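Hi,

Here is the structure I said I would pass on. Have a look, and my notes follow underneath.

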Amino acid sequence: MSSQVFEAPRQGLNPRQAETVEKLLAAGLEELRAVGHEALTVRTVAQRAGVSPATAYTYLASKNHLFAELFWRHLSGAPAQPPAGGTATARLQATMRALTARIVEEPALAAAVTPALLGTDPDVERLRLRIGGEFLSRFEAAMGDQADAGVLEVLVLTFSGALLQAGMGLMTYDQIAERLVAAVDVIMRGN
């Protein structure tokens, strides 16, 4: 089924469609919190939102698409302002902590998004690229004038790998936050 990535502003959606999307996303987050990512289905989200499953599938290609969209909105809803002052290393460390703290605010979503982002759904792929771009832009802003493409790539890979480790249950998000702070110190030593 064809669907679209929902971005602000909602281009291409009339007000009624935009309202339906909002109802589905709100219901999706409620359902995720209530039953977890494995038990959630697009049909149960549709029921919670008060729309037909066919309507839900018009906007959501899959539950992975739902999780990726919810994660993108959650992530992009956080202030993107880098910490002021200090060294580039300190600003990057603060940015890593802030991003990790933001993810921890929605534990059910954090658990759902790792497997969702590994999927091959084209809607998920577009959101995965936007999410990676958001990480990159935040790290670039934190580095300021010292932004280097190679270092930024290593930072994104490090952060993404840490999220995968937490998503697989190999460590907690609190543990990855502190490990990321240490990793930034190592990465930035040569810079």
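Helices α4 and α6 sit oblique to each other, because their axes cross at roughly 120° and an angle counts as oblique when it is not under 35 degrees (roughly parallel), over 145 (roughly antiparallel) or 65 to 115 (roughly perpendicular). The axes of α4 (residues 63-76) and α6 (residues 107-117) come within 9 Å. Axes here are lines fitted to C-alpha atoms, over the stretch in contact for helices, with angles from 0 to 180 degrees between N-to-C directions. Helices are DSSP runs (H or I, at least four residues; strands are E, at least two), numbered from the N terminus.

Who touches whom (contact means heavy atoms within 4.5 Å)? On α4 the residues are N64, F67, A68, L70, F71 and H74, and on α6 they are L109, A112, V113, A116 and L117.

This is a predicted model, where local features need pLDDT of at least 70 and side-chain atom pairs count only at 80 or more, while totals for chains, interfaces and linings use all residues. Residues are numbered from 1 along each chain as its sequence is written, and side-chain values use heavy atoms, leaving out hydrogens and water.

On confidence, pLDDT (the predictor's confidence in each residue, from 0 to 100) has a chain mean of 90, and 93% of residues reach 70 or more. Residues 1-10 stay under 50. Where pLDDT is low, the predicted coordinates should not be read in detail.

UniProt lists "domain: HTH tetR-type" (unreviewed entry) at residues 18-78, a span that is 77% helix and 0% strand.

Cheers

Technical notes: Contact means heavy atoms within 4.5 Å. UniProt positions are given in the numbering used here, feature names are shortened, and annotations may be inferred rather than shown by experiment.
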